[in-house]
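Hello,

Please find the structure below. My notes on it follow.

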Amino acid sequence: MDNMKADNLWHITRGERLKYLGATLAMAGTNIFLFSAPVVGGAAIDVVDQGLAAGHSVVRDVASAFADATPASYLLVAAALVLLLTGVGGLFLYVRGRLAALASEAIARRLREALYRRLHDVTARFYDAADTGDLVQRCSSDVETVRVFLATDIIEIGRAIMLVVCVVPVLFLIHSQLAWLSLVLMPFLALGAYLFFARVKSVYQLTDEAEAAMTATLQENLTGIRVVRAFARQNYEISKFGARNANFRDLNNRLIRLMGLYWGTSDFFAMMQIGIVLFAGAHFIVVGSLTIGELFTFMTCESMVIWPVRQLGRVLTDSGKAVVSLGRINDVLIEAKEAPARIPVGQRAQGEIDIEDLTLSYDDSPVLSDLNLHIRAGETLALVGPPGSGKSTLIRALLRLYPYSQGSLKLDGEEIADLDRHWLRQQIAVVMQEPFLYSRSIRDNLTIGRPHAPEPEVLRAVSDAAIAGSIERFPNGFEEMVGERGVTLSGGQRQRLALARALLKDPPVLVLDDSLSAVDTGTEGQILSALAKRKGRHTTIIIAHRLSSVIDADRIVVLQEGRIAQMGTHNQLASTPGPYQRLCEIQGALDASIAEDISEEITS
Ligand code: ADP
């Protein structure tokens with residue numbers, strides 16, 4: 001399933017074709033039984049019109065087996081037979097629909113699963129260019145379009161072919177001249193369907209893209225709603241969404257107009273066709289080459305053939321939609337996966353990191369250039385530097401999210417590019433500035449990396465991350481739900497909960513990516529001293545803007561434009577002229593002015 005092929009409709013039906021074969025057979029059964037009913041009905045009309053001799057011998061025989069063969073007993077048996085034939089035909093119809101539904105649901109499920117799996121396996125670079133709303137649409141409405149096509153339209157196409165193949169010869173058997181006349185307008189109906197399809201396909205594609213654009217705007221806005229509000233961009237965003245919404249509506253209206261035009265015109269031609277048969281049929285009855293019953297059978301069969309021809313437009317449209325959707329699904333399925341691992345690794349890493357001449361670029365210009373750094377197992381290293389200096393990029397390289405073009409990056413002496421991805425990411429826990437929490441209980445969020453962690457370790461992790469007190473104050477403690485259905489956590493609480501989650505995972509390498517920024521300085525001090533007590537257990541990399549977070553690190557590395565500008569302890573760097581000293585001066589001045597403001601407020 002991992003390599004599910006979805007480049008055409010035939011490939012995706014793999015494993016379900018037997019069900020489709022069953023559905024086709026059931027459809028043949030439906031046609032035979034449902035089609036026999038008007039034949040029996042037509043003969044019954046002739047019995048009423050012309051007497052018993054005009055009826056079918058089989059029906060007559062059955063009637064005489066029960067009673068005298070009179071027109072009344074004939075009609076009774078014929079009526080029972082019509083009921084029986086329609087009933088069995090209906091049963092086959094049910095089997096057909098059920099099998100097609102089972103097959104299409106199974107295929108849709110497999111498509112969704114294959115998509116979701118691939119989305120987990122693609123490179124991080126894929127997500128730089130991808131649009132979440134658009135991806136959501138590919139996994140939901142595109143799969144649904146394909147499913148509807150597989151559930152109904154494939155069957156409809158098969159039915160149309162069977163009807164034309166089985167019913168048209170019967171029309172010729174009944175009356176060949178009338179049969180020719182009954183086909184006069186069919187080419188126009190088919191041509192109209194085809195032209196409509198050609199027109200509607202492009203409009204459908206535009207509508208699909210417009211919907212994706214609308215969903216993407218909505219998704220982007222909801223994700224970044226705080227930023228939108230903070231920058232007072234609501235009106236701009238609302239009008240942007242409004243424009244996309246209106247565009248989607250306009251295209252939908254165009255689709256509806258096209259549909260209306262098509263069905264109106266095709267209704268007109270279908271009625272004309274039936275009118276022609278009715279008039280010509282009446283003429284043939286008058287001249288004696290056709291009976292009333294035969295005309296009844298003929299017209300019922302004729303309407304059976306007209307319907308699928310008229311449906312052709314819809315079926316072709318749906319297949320066009322399904323092909324477009326399948327193409328969009330396939331684009332994701334053929335997206336490159338992350339490179340496979342070569343070295344399988346077993347136990348916990350030591351946490352020693354070696355960086356030699358490392359160069360990494362997203363586009364053309366390098367974001368990290370010729371970086372050299374050795375981090376001892378258990379060391380606490382702080383990374384400081386202006387925004388955009390490459391701090392987060394270094395962490396992404398460490399997680400193997402982006403490949404590096406030159407140099408080497410090793411964990412415990414093994415090149416990271418060669419290590420098993422899953423194992424590697426188990427060795428490194430990253431706490432982000434804006435951590436992601438699931439809408440589950442506090443406990444579930446904590447134990448996501450270690451579902452069966454012993455209770456004392458859970459308690460130690462929450463206490464080291466200074467979140468124990470907050471959890472105690474929640475009405476349901478550890479079982480309190482996070483998010484919509486439960487408590488709303490402050491930025492600091494979220495960061496502390498994410499830190500506890502990382503500590504509980506007990507990783508050899510712990511990365512705090514500006515992850516104490518929303519925590520007040522008192523609590524930060526508490527956390528840092530708890531971390532200091534764990535010293536040696538984790539290699540810790542702290543990215544921070546606040547000096548208080550980095551002062552006690554074993555080593556501080558100052559990054560500037562992807563290069564190491566300075567390296568040393570706080571005391572060494574603070575006493576050397578350079579960027580770190582300037583940072584200390586700025587923060588010192590800032591702290592002093594804040595302290596002044598606070599004291600002014602207290603005295604006033
Ligand atoms: P820092 O964490 O120090 O703020 P980053 O590592 O996030 O810096 O970014 C370093 C540089 O790389 C910046 O110029 C940024 O614009 C660029 N950059 C970051 N992520 C990407 C990306 N996914 N694609 C392209 N450029 C990126």
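Buried residues account for 44% of the 604 residues in the protein chain. Please keep in mind that this is a predicted model. The exposed surface of the chain comes to about 30,800 Å², and 61% of that is supplied by carbon and sulfur atoms.

On overall form, the radius of gyration is 37 Å, whereas a compact globule of 604 residues would have one near 25 Å. The C-alpha trace spans about 120 × 55 × 50 Å along its principal axes. The secondary structure consists of 21 helices and ten strands. If contacts between residues at least 6 apart in sequence are taken, 76% of them join residues at least 24 apart. As for charge, there are 58 positive and 66 negative side chains, and the centres of these two sets are 3 Å apart.

Next, the interior. The largest nonpolar core contains 44 residues, and the ones with the most contacts inside it are I442, L446, L499, L510, V550, I556 and Y580. Helix α17 (residues 491-505) is the largest contributor to this core, giving seven residues. With neighbours within four places in sequence left aside, L499 is in contact with V431, A465, L512, L516 and I527. There is also a second, separate core of 32 residues, which includes A124, A349, L368 and V557.

Two residues stand out for their backbone angles. Most residues other than glycine have a negative phi. D370 is not a glycine, yet its phi is positive, at about 45 degrees. This residue is found in strand β2 (residues 366-375). D370 counts as partly exposed because its relative accessibility is 44%, and the partly exposed class runs between 20% and 50%.

R400 is the other case: it is not a glycine either, and it has a positive phi of about 65 degrees. R400 sits in the loop between α12 (391-398) and β4 (406-411). Is R400 buried or exposed? R400 is buried, because its relative accessible area is 11% and the cut-off for buried is under 20%.

One last position is V88, which lies in helix α4 (residues 71-121). V88 has a relative accessibility of 27%, so it counts as partly exposed. Its C-alpha atom is separated by 33 Å from that of M272, and the two residues are 184 residues apart along the chain.

Regards

How values were computed. Residues are numbered from 1 along each chain as its sequence is written. This is a predicted model: local features need pLDDT of at least 70, side-chain atom pairs count only at pLDDT 80 or more; totals for chains, interfaces and linings use all residues. Side-chain values use heavy atoms; hydrogens and water are left out. Helices (H or I, at least four residues) and strands (E, at least two) are DSSP runs, numbered from the N terminus. The radius of gyration is taken over C-alpha atoms; the globule rule is 2.2 Å times the number of residues to the power 0.38. Buried means under 20% relative accessible area, exposed over 50%, partly exposed in between (1.4 Å probe, protein chains only). Contact means heavy atoms within 4.5 Å. Accessible areas come from the Shrake-Rupley method with a 1.4 Å probe; for residues, only the protein chains shown count as cover. Lys and Arg count as positive and Asp and Glu as negative; His and the chain ends are not counted. The place of a charge is taken as NZ of Lys, CZ of Arg, CG of Asp or CD of Glu. A nonpolar core is a set of buried Ala, Val, Leu, Ile, Met, Phe, Trp, Tyr and Cys residues joined through side-chain atoms within 4.5 Å.
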